[in-house]
Amino acid sequence: VEAVHLIADGKAPRIPQPKEGATYEGIQKKENAEISWDQPAAALHNWIRGHDKVPGAWATIDGQVVTFYGSSLLDASVPTGQELAIKGASRPGLVTKNGLVVFGNDGKMVLVRNLQFEDGKMIPASKYFSADETTTLELTEEEKKMAEDLR
């Protein structure tokens with residue numbers, strides 16, 4: 001009761017909280033989530049995973065900001081895939097059937113499953129080189145009839 005009265009009267013002591021020992025981390029901003037490639041694979045994975053979903057860890061590929069989502073450490077032989085130059089990376093990534101493989105400075109690998117472009121479009125990382133391809137849906141005569149019946 002005494003504390004409430006001190007607050008109500010404006011006489012409660014004001015003691016600033018010390019910074020030492022504080023564990024709160026402020027809200028991460030997108031500009032601070034750029035991936036630093038000069039790290040071991042485990043640190044890259046933790047960085048990507050730690051920024052998944054907001055704000056999203058990102059790197060520059062072909063002049064545009066690409067955000068990486070869904071990473072996992074890859075403990076296998078180097079898979080086959082199409083090389084992808086990533087700004088700042090000492091070694092190009094590999095677009096494989098399972099996703100984008102990136103390399104830490106220790107030579108170990110991280111598999112990234114999804115990529116998001118600046119326009120908001122998200123694709124499976126394995127489809128990076130086929131992202132611009134468009135496919136058309138061809139219906140059989142039976143499917144066309146079913147579609148018409150549904151309309």
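Trainee: What is the mean pLDDT of the protein?
Mentor: This is a predicted model, so confidence comes first. Of the protein's residues, 93% reach a pLDDT of 70 or more. The mean pLDDT is 89.

Trainee: Which element has the lowest mean pLDDT?
Mentor: Strand 5, residues 100-103, sits at the top with a mean of 97. The lowest mean is 84. That value belongs to helix 3.

Trainee: How many salt bridges does a search of the whole structure find?
Mentor: Side chains of opposite charge can pair when their charged atoms come close. Here the cut-off is 4 Å between a side-chain nitrogen of Lys or Arg and a carboxyl oxygen of Asp or Glu. Searching the whole structure gives three.

Trainee: Which residue forms a salt bridge with Glu-141?
Mentor: Helix 3 covers residues 141-150. The partner lies in that helix too, three residues from Glu-141, about one turn. The closest N and O atoms of the pair are 3.6 Å apart. The partner is Lys-144.

Trainee: Is Glu-141 buried or exposed?
Mentor: Exposed means over 50% relative accessible area. Glu-141 has 61%. Its partner Lys-144 has 43% and is partly exposed. Because its value is 61%, Glu-141 is exposed.

Trainee: How far apart are the closest N and O atoms of Asp-149 and Lys-145?
Mentor: These two residues are four apart in helix 3, so about one helical turn separates them. Both are exposed. They form a salt bridge, with the closest N and O atoms at 3.2 Å.

Trainee: Which residue forms a salt bridge with Arg-151?
Mentor: Arg-151 counts as exposed, at 76% relative accessibility. Its partner counts as partly exposed, at 48%. The closest N and O atoms are 3.0 Å apart. The partner is Glu-148.

Trainee: What volume does the largest cavity have?
Mentor: Rolling a probe the size of a water molecule over the atoms shows where empty space is left. The search covers the whole structure and finds one cavity of 30 Å³ or more. Its volume is about 30 Å³.

Trainee: How many residues of the lining of the largest cavity are charged?
Mentor: The lining is made of Glu-34, Ile-35, Trp-37, Ala-59, Thr-60 and Lys-87. Three of these residues are nonpolar and one is polar. Asp, Glu, Lys and Arg count as charged. That leaves Glu-34 and Lys-87, and the charged count is two.

Terms used
Residues are numbered from 1 along each chain as its sequence is written. This is a predicted model: local features need pLDDT of at least 70, side-chain atom pairs count only at pLDDT 80 or more; totals for chains, interfaces and linings use all residues. Side-chain values use heavy atoms; hydrogens and water are left out. Buried means under 20% relative accessible area, exposed over 50%, partly exposed in between (1.4 Å probe, protein chains only). pLDDT is the predictor's confidence in each residue, from 0 to 100. On a 1 Å grid over the protein atoms alone, a cavity is a set of points where a 1.4 Å probe fits but cannot get out, and a pocket is an open set with protein on both sides within 12 Å along at least five of seven lines; lining residues have an atom within 4 Å of a point. Grid points are joined across faces, edges and corners, and a volume is the space filled by probe spheres set on the points.
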